[in-house]
Amino acid sequence: NAGTEADVFICIYGERGDTGSRQLLRSQKPQKFLKGQMDTFAVEAVHLGHLGKIVIGHNGLGSGNGWFLDKVVIKDPVTDLDYTFLCHRWLDQGQDDGNIARELTVTDASTFPGRQELELKREEAWAAEKWKFQEGNTLQFYNKLTRGFICLSPDSRVDALGDKKDKYGKVCFTWMYE
């Protein structure tokens with residue numbers, strides 16, 4: 001019950017003013033504000049310069065109106081910068097502090113230096129490595145401390161005495177860790 005059917009509003013504040021309260025109407029998803037779902041909205045406004053805060057909330061109407069909001073990311077199409085506003089709280093009259101609106105300040109870039117670069121590198125690394133974790137692959141890890149292998153089989157078996165080759169002679173994928 002972390003999603004909401006209530007009408008959600010946002011006001012974006014920047015160094016050159018604010019958008020005023022805007023209802024988030026059309027998500028790129030068929031149903032908006034579902035639990036675990038990321039929704040994307042287009043908000044037309046004059047360029048506000050660097051963003052500092054947002055106010056986001058809902059009208060409290062409808063069944064299941066309480067909402068758990070993880071974060072809001074605003075992409076500035078002029079500067080191509082991403083502004084992250086962390087929330088990780090309930091907007092619900094019956095949960096947390098009972099507020100259905102939150103004022104969120106931008107996550108300072110100095111808090112996470114190079115965050116966008118790190119995220120890009122993480123995505124690139126995962127794109128290059130995810131094939132190893134496909135269904136049916138056997139994973140084998142070498143433990144330097146015990147000088148032994150741990151083999152994770154597709155059928156969920158764990159063999160702490162794993163061999164470098166499985167019973168079919170196929171070389172397992174091996175990672176070193178300490």
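Contact is taken here to mean heavy atoms within 4.5 Å. In the predicted model analysed here, D39 has such contacts with S27, K29, Q31, K32, F33 and L34, residues up to four places away in sequence not being counted. D39 is found in the loop between β3 (22–23) and β4, and with a relative accessible area of 19% it falls under the 20% cut-off and therefore counts as buried.

At the level of the whole chain, the protein has 1 helix and 11 strands, and from the N terminus on these elements run in the order β-β-β-β-β-β-β-α-β-β-β-β. Of the 178 residues of the protein, 30% count as buried. Among the contacts with a separation of 6 or more, 50% are accounted for by residues 24 or more positions apart.

The largest pocket has a volume of about 1,200 Å³. It is lined by 37 residues, of which D39, F41, V72, V73 and I74 are the closest to its centre, so that the buried loop residue D39 described above is also a member of this lining. Three strands, β1 (8–14), β4 (51–58) and β5 (67–75), each supply at least two residues of the lining, and β5 gives the most, with 9 residues. When the lining is divided by class, 23 residues are nonpolar, 7 are polar and 7 are charged.

V72 belongs both to the group closest to the centre of the pocket and to the largest nonpolar core, where I54, I56, L69, V72 and F85 touch the most other members out of 18 residues. The elements that give two or more residues to this core are β1, β4, β5 and β6 (82–91). In soluble globular proteins, nonpolar side chains tend to be buried together. The contacts of V72, again without residues up to four places away in sequence, are with I10, I54, I56, Y83, T84 and F85; of these partners, I54, I56 and F85 are themselves listed among the core residues that touch the most other members.

T84, a further contact partner of V72, has its place in strand β6. Its relative accessible area is 10%, and because buried means under 20%, T84 is assigned to the buried class. The C-alpha atoms of T84 and V106 are separated by 5.7 Å, although the two residues lie 22 residues apart along the chain.

In strand β1 lies I12, which is buried, with a relative accessible area of 8%. Outside the range of four places in sequence, I12 touches G17, D18, T19, V43, L48, L51, K53, I54 and I74. Among these partners, I74 is one of the residues closest to the centre of the largest pocket, whereas I54 is one of the core residues that touch the most other members. The partner L48 is 36 residues from I12 in sequence, and the C-alpha atoms of I12 and L48 are 8.5 Å apart in space.

The structure holds 1 aromatic pair. A pair of aromatic rings is described by the distance of the centres and the angle of the planes. The pair is formed by F68 and W90, with 5.5 Å from centre to centre and 75 degrees between the planes, and its geometry is edge-to-face. It links distant parts of the chain, as F68 is in strand β5 and W90 is in strand β6, 22 residues apart. Both rings belong to residues of the partly exposed class, since the relative accessibility of F68 is 27% and that of W90 is 22%.

Attention was also given to backbone torsion angles. Most residues other than glycine have a negative phi, and most peptide bonds are trans. D80 has a positive phi, near 65 degrees, and is found in the loop between β5 and β6; at 49% relative accessibility, D80 counts as partly exposed, because the exposed class requires over 50%. For D96, phi is likewise positive, near 55 degrees, and this residue is found in the loop between β6 and β7 (101–105). The relative accessible area of D96 is 44%, so D96 is partly exposed.

Conventions:
Residues are numbered from 1 along each chain as its sequence is written. This is a predicted model: local features need pLDDT of at least 70, side-chain atom pairs count only at pLDDT 80 or more; totals for chains, interfaces and linings use all residues. Side-chain values use heavy atoms; hydrogens and water are left out. On a 1 Å grid over the protein atoms alone, a cavity is a set of points where a 1.4 Å probe fits but cannot get out, and a pocket is an open set with protein on both sides within 12 Å along at least five of seven lines; lining residues have an atom within 4 Å of a point. Grid points are joined across faces, edges and corners, and a volume is the space filled by probe spheres set on the points. Helices (H or I, at least four residues) and strands (E, at least two) are DSSP runs, numbered from the N terminus. Ala, Val, Leu, Ile, Met, Phe, Trp, Tyr, Cys and Pro count as nonpolar, Asp, Glu, Lys and Arg as charged, and the others, Gly among them, as polar. A nonpolar core is a set of buried Ala, Val, Leu, Ile, Met, Phe, Trp, Tyr and Cys residues joined through side-chain atoms within 4.5 Å. Buried means under 20% relative accessible area, exposed over 50%, partly exposed in between (1.4 Å probe, protein chains only). Rings of Phe, Tyr and Trp (its six-membered ring) pair if their centres lie within 6.5 Å; planes under 30 degrees apart count as stacked, over 60 as edge-to-face and the rest as tilted.
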